[in-house]
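Hi! Here is the structure I promised to pass on. Have a look at it first, and then read my notes below.

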Amino acid sequence: MTLPDPAPEAPKKSSRRSDRFVAHVHELCASKGSRADLRRGLGLPVERCNYLHRYLVPFLSEGVHPDTRRAHYAVASLIAAQPRAARDARAVRPVAADDVAYWSRRANLGAALGTAVSKRVVKPRTAESSLHLMSRQSTEAIHPRLPALTRQLLGNGVAVDWAVLLEDLSWWNRSREHIATRWFESYFRITSAAPAGDDDVLPETPDLNEENNA
């Protein structure tokens, strides 16, 4: 298994709630029991995540939007399901003092797919097909497919910025076109800077039409 590049993280005292949540989940995952409980929510709606409530309800306000609640449950499960190599690669990097400016430079899911293509671990045509498919779907369809997709990325050494994914999923149904555009822009900025490879010798990305059986 390829060791993933560490995803850049905000300082431990980040002002962003998403960063604090991700740090909270990583702390929970230090316990094997908590990590196992959180993994049970992979791809599932909140209503089927009974083992996660004890860990996540204290972090979420009572009136939180349903999309935001599900995004938190989904990301917590995805973090808990990371391969060990990805967990071990987690590291804090120095960041700019301006948290807003730093946030705009952090990698979204489109950038992660672009990195996978540039590393020649995913075919360009299948990565782009995944992006086009997701851009047409609601999070109701995307959530069940994320475990396979993130597992593919992490298993091939491509880091996922969980805080960015959390915010994008939280707002996806209300701002899908804007977020999808950012994903495409990030993807093509990375792939256009990388040398073209033989598309036929690279692995497929997970089929987003397949149901997650986790």
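**What I found**

Let's start with one residue, Asp168, which sits in helix α11. Keep in mind as you read that this is a predicted model. Is Asp168 buried or exposed? Its relative accessibility is 5%, and anything under 20% counts as buried, so Asp168 is buried. Leaving aside residues up to four places away in sequence, Asp168 touches Asn108, Ile179, Arg182 and Trp183.

Hang on to Asn108, because it takes us to the next helix: at the start of α7, a side-chain oxygen of Asn108 comes within 3.0 Å of the backbone nitrogen of Gly110. So Asn108 turns up twice, once as a contact of Asp168 and once at the start of α7.

Now for α7 itself. Why can we call α7 largely enclosed by the rest of the structure? Because 8 of its 10 residues are buried. Those buried residues are Leu109, Gly110, Ala111, Ala112, Leu113, Gly114, Ala116 and Val117. And what do they pack against? The buried residues of α7 pack against α8, α10 and α12. After α7 comes Arg120, with a positive phi near 65 degrees.

One of those α7 residues, Leu113, also shows up in the largest nonpolar core, which has 54 residues. Leu113 is among the members that touch the most other members, along with Leu38, Leu56, Met134, Leu153 and Trp162. Which elements give two or more residues to this core? They are α1 (17–28), α3 (53–56), α4 (66–80), α7 (109–118), α8 (124–135), α10 (146–155), α11 (162–171) and α12 (176–193). The largest share comes from α4, with 7 residues.

Stepping back to the whole chain, you'll count 12 helices and 0 strands, so to speak an α after α run from the N terminus on. Of the 214 residues, 51% are buried. If you take the contacts with a separation of 6 or more, 81% of them are between residues 24 or more positions apart. The accessible surface of the chain is about 10800 Å², and carbon and sulfur atoms account for 50% of that.

If you open the model yourself, Asp168 in α11 is where I began, and from there you can go on to Asn108, which Asp168 touches.

Cheers!

Note on methods. Residues are numbered from 1 along each chain as its sequence is written. This is a predicted model: local features need pLDDT of at least 70, side-chain atom pairs count only at pLDDT 80 or more; totals for chains, interfaces and linings use all residues. Side-chain values use heavy atoms; hydrogens and water are left out. A nonpolar core is a set of buried Ala, Val, Leu, Ile, Met, Phe, Trp, Tyr and Cys residues joined through side-chain atoms within 4.5 Å. Buried means under 20% relative accessible area, exposed over 50%, partly exposed in between (1.4 Å probe, protein chains only). Helices (H or I, at least four residues) and strands (E, at least two) are DSSP runs, numbered from the N terminus. Contact means heavy atoms within 4.5 Å. Accessible areas come from the Shrake-Rupley method with a 1.4 Å probe; for residues, only the protein chains shown count as cover. A polar contact is a pair of N or O atoms within 3.5 Å; within protein, one must be able to donate a hydrogen and the other to accept it, and residues adjacent in sequence count only if both atoms are side-chain atoms.
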